[in-house]
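Please load the model in a viewer and keep the selection panel at hand. The tour below proceeds from stop to stop, stating what to select and what is found there.

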Amino acid sequence: MTIVMLRTAILYLIIILALRIMGKRQLGELQPSELVTTILISNIATLPIEDTGIPMTVGIVPIFTLMCFEVFTSFLVLKSRKIRKIVTGNPVIVIRDGKIQQQELERLRLNVDDIMTQLRSQDVFDIEEVSFAIVETTGTLSVYKKFSAREVTAEMMGLSGDTADEAPPMIVISDGNIIEQSLSLCNLRKEWLREILAQNNMRAEEVFLMSCDRRANYTIVAKEKKEKRKQR
């Protein structure tokens, strides 16, 4: 049992390393070649785990081979448009000016229910509201609404704002740990943070969560004190 656990831990770390090298993508955003590589790696990794008689190299070598092949393919796709078209394909317009492109749906082997499901997930219930809908190479549907169906924005209403309002609040302390990158994004320094903490009679270790924006507006959530159980 110990051997199985050890082999599993090693392969687990190797797979994480391989996926990190291949890049960050969500499962639903994987290109066909990436999806195939992920499936193959998961299947190969199970062999040495299920059968302890199989050497670890039988699992490790193919995993790194697939990783190298995927990185090399990604490099070719990046440099060559023709190879990119072969490996990943092209986006396809399935709705144009509120009209479904039936031939394109047939070519993609999609039906109306598939399209409507993805439209509803983007708060679109009427095809007439859609100017363009494009099936991306990952299989997701991108929707560009007609002007009359778009949500009202500040630009449409002629409103102007400060650039400081465009940045969301950032977490500067998480569970007692100071996140210097967030301070930098808020154009603030550690000296400001120390001063704020001193005003609130707190130390960073006592803060569960602290967020602030570029206007230096902040919110602090203190850690809850654990009550000691009385011994009977």
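In which sense do strand β7 and strand β8 pair, and over how many bridges? Select residues 207-212 for β7 and residues 218-222 for β8: the pairing is antiparallel and runs over 5 bridges. As throughout this tour, the coordinates belong to a predicted model.

**The hairpin of β7 and β8**

Within this pair of strands, pick Met210 and look across to β8, where Ile220 is its bridge partner. Then select the connection: β7 and β8 form a hairpin with 5 residues between them. In that turn, Ala216 has a positive phi of about 70 degrees.

**From β7 to β5 and β6**

Keep β7 displayed and add β5 (170-174). The two strands pair in the antiparallel sense over 4 bridges. Met170 serves as a marker here, its bridge partner in β7 being Cys212.

Now add β6 (177-178). β5 also pairs with β6, again in the antiparallel sense, over 2 bridges. Select Ser174 to find its bridge partner in β6, Asn177. The hairpin of β5 and β6 has 2 residues between the strands, and Asp175 takes a positive phi near 50 degrees there.

Asp175 should remain selected, as it forms a salt bridge with Lys223, with the closest N and O atoms 3.4 Å apart. This pair links distant parts of the chain, 48 residues apart: Lys223 lies in the segment after β8, and Asp175 in the loop between β5 and β6. Asp175 counts as partly exposed, at 43% relative accessibility, and Lys223 is likewise partly exposed, at 33%.

**Salt bridges around Arg203**

How many salt bridges does a search of the whole structure find? The search finds 6. For another of them, select Arg203 and Glu206, whose closest N and O atoms are 3.5 Å apart. Add Glu205 to the selection: Arg203, Glu205 and Glu206 are linked in a network of salt bridges. Arg203 is partly exposed, with a relative accessible area of 48%, and Glu206 is partly exposed at 31%.

**The four-stranded sheet**

Next, display the open sheet formed by 4 strands in the order β2-β1-β3-β4, with antiparallel pairing. Its edge strands are β2 (99-100) and β4, each of which pairs on one side only. Strand β1, residues 92-96, pairs with β2 over 2 bridges. To locate this pairing, select Arg96, which stands opposite Lys99 in β2.

Move on to Ser131 in strand β3, residues 130-135. Is Ser131 buried or exposed? Its relative accessible area is 11%, and Ser131 is therefore buried, the limit being under 20%. Leaving aside residues up to four places away in sequence, Ser131 touches Ile95, Arg96, Asp97, Gly98, Tyr144, Lys145 and Lys146.

**Lys145 and the loop after β4**

From that list of contacts, retain Lys145. A salt bridge joins Lys145 to Glu151, the closest N and O atoms being 2.9 Å apart. The two partners fall into opposite classes: Lys145 counts as buried at 13% relative accessibility, whereas Glu151 counts as exposed at 52%.

Select Phe147 next, in the loop between β4 (141-145) and β5. Phe147 counts as exposed, at 56% relative accessibility. A surface view coloured by residue type is suitable for this stop. Phe147, Val152, Met156, Met157 and Leu159 make a nonpolar surface patch of about 560 Å².

**Two polar contacts**

For the remaining stops, turn to the helices. Select Asn111 in the loop between α5 (102-108) and α6 (112-120). A polar atom of the Asn111 side chain lies 2.8 Å from the backbone nitrogen of Asp114. Asn111 is partly exposed, with a relative accessible area of 39%.

Finally, select Thr73 in helix α3, residues 57-79. Which backbone oxygen does the side chain of Thr73 reach? The side chain of Thr73 reaches that of Phe69, at 2.8 Å. Thr73 is buried, with a relative accessible area of 11%.

Methods: Residues are numbered from 1 along each chain as its sequence is written. This is a predicted model: local features need pLDDT of at least 70, side-chain atom pairs count only at pLDDT 80 or more; totals for chains, interfaces and linings use all residues. Side-chain values use heavy atoms; hydrogens and water are left out. Patches are made of residues with over 30% relative accessible area and no salt bridge: like charges are joined within 9 Å, nonpolar side chains (Val, Leu, Ile, Met, Phe, Trp, Tyr) within 5 Å. Accessible areas come from the Shrake-Rupley method with a 1.4 Å probe; for residues, only the protein chains shown count as cover. A salt bridge is a side-chain nitrogen of Lys or Arg within 4 Å of a carboxyl oxygen of Asp or Glu. Buried means under 20% relative accessible area, exposed over 50%, partly exposed in between (1.4 Å probe, protein chains only). A polar contact is a pair of N or O atoms within 3.5 Å; within protein, one must be able to donate a hydrogen and the other to accept it, and residues adjacent in sequence count only if both atoms are side-chain atoms. Two strands pair if DSSP finds at least two bridges between them. Contact means heavy atoms within 4.5 Å.
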